[in-house]
Amino acid sequence: MQIGVETSKAVDQRRVFVVDEDEITRAVLQFMLHDEIETHELASPDEAFDKGQDWLTPHLILLGVSWVQKRGVDLLGEFSARYPGVRVLIVCEKDEEKLAVEAMQAGAHGAVVKPLTIEAVRKKVDTVLGRGGAAPLIQLNIV
């Protein structure tokens, strides 16, 4: 365990799936989160569906926006059907925010916009999971 990691978060029994085509983004997010929550890197939604069986279901999915581009916003419904109660955050670049907003209208719980920082990613994860140290959750009215 690293310095600055809260023990209560490190023993939390929830898990995160990082689902992104970009290997570097997956590795960075896994590195940022692995000390405080069980984190799994997966290259595709199909890998997530294969891995997320029985006891190994995710509580949060960090989904690369490229999968929303390829599979459409219906992918969010697939995740919800397979994993009731799962939270989804879209990982995107600033210029991809419009697609992230469409994903939020279809059920995503927010977005993590690059460049990624440890503080911002951990705070966003804590917020959507309702964990200590979270920022207040702000509901946006997206028209």
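## A buried aromatic ring

Phe79 has a relative accessibility of 0% and is therefore counted as buried. The model in which this residue is seen is a predicted one. Phe79 takes part in one of the two aromatic pairs that a search of the whole structure finds. In the pair of Phe49 and Phe79, the ring centres are 5.1 Å apart and the planes stand at 45 degrees, so the arrangement is classed as tilted. Because Phe49 belongs to helix H3 and Phe79 to helix H5, this pair ties together parts that are 30 residues apart in sequence.

Phe49 is likewise assigned to the interior: its relative accessible area is 5%, and the residue is buried because the limit is under 20%. Ring pairs extend the arrangement to a cluster of Phe49, Phe79 and Tyr83.

## Overall composition

The protein chain contains seven helices and five strands. Read from the N terminus, the elements follow the order α-β-α-β-α-β-α-α-β-α-β-α. Of the 143 residues in the chain, 43% are buried. The accessible surface amounts to about 7700 Å², and carbon and sulfur atoms account for 52% of that area.

Contacts between residues at least 6 apart in sequence include a substantial long-range share: 61% of them join residues at least 24 apart.

## The parallel sheet

The five strands form an open sheet in the order E2-E1-E3-E4-E5, with parallel pairing. Its edges are strand E2 (38-42) and strand E5 (110-113), each of which pairs on one side only. From one strand to the next, the twist averages 20 degrees.

Strand E1 (residues 15-19) is joined to E2 by five bridges, and the two run parallel. Within this pairing, Val18 has Glu41 of E2 as its bridge partner. Five bridges also connect E3 with E4 in the parallel sense, and here Leu62 is partnered by Leu89 of E4. Between E4 and E5 there are four bridges, again parallel, with Val91 standing opposite Val112 in E5. Strand E4 is mostly covered, as five of its six residues are buried.

## Helix H5 and the nonpolar cores

Helix H5 (residues 74-82) lies across strand E3 (60-64) and strand E4 (87-92), and runs at about 160 degrees to E3. The largest nonpolar core has 23 residues, and those with the most contacts inside it are Val19, Ile61, Leu63, Leu76, Phe79, Val88 and Ile90. At least two residues of this core come from each of E1, helix H3 (45-51), E3, helix H4 (65-71), H5, E4 and helix H6 (97-105). Leu63 illustrates the connections: residues up to four places away in sequence aside, Leu63 touches Val19, Val68, Leu75, Leu76, Phe79, Val88, Leu89, Ile90 and Val91.

A second core, separate from this one, comprises 16 residues, among them Val16, Met32, Val112 and Leu129. In soluble globular proteins, nonpolar side chains tend to be buried together.

## Two partly exposed acidic residues

Glu38 is located in strand E2. Its relative accessibility is 31%, so Glu38 counts as partly exposed. Beyond its neighbours within four places in sequence, Glu38 is in contact with Arg14, Arg15, Val16 and Leu56. Glu38 and Gln13 are 25 residues apart in sequence, yet their C-alpha atoms are 7.6 Å apart in space.

Asp46 is located in helix H3. With a relative accessibility of 42%, Asp46 also counts as partly exposed. Asp46 and Val19 are 27 residues apart in sequence, with a C-alpha to C-alpha distance of 9.5 Å.

Key. Residues are numbered from 1 along each chain as its sequence is written. This is a predicted model: local features need pLDDT of at least 70, side-chain atom pairs count only at pLDDT 80 or more; totals for chains, interfaces and linings use all residues. Side-chain values use heavy atoms; hydrogens and water are left out. Two strands pair if DSSP finds at least two bridges between them. Axes are lines fitted to C-alpha atoms, for helices over the stretch in contact, and angles run from 0 to 180 degrees between N-to-C directions. Contact means heavy atoms within 4.5 Å. Buried means under 20% relative accessible area, exposed over 50%, partly exposed in between (1.4 Å probe, protein chains only). Accessible areas come from the Shrake-Rupley method with a 1.4 Å probe; for residues, only the protein chains shown count as cover. A nonpolar core is a set of buried Ala, Val, Leu, Ile, Met, Phe, Trp, Tyr and Cys residues joined through side-chain atoms within 4.5 Å. Rings of Phe, Tyr and Trp (its six-membered ring) pair if their centres lie within 6.5 Å; planes under 30 degrees apart count as stacked, over 60 as edge-to-face and the rest as tilted.
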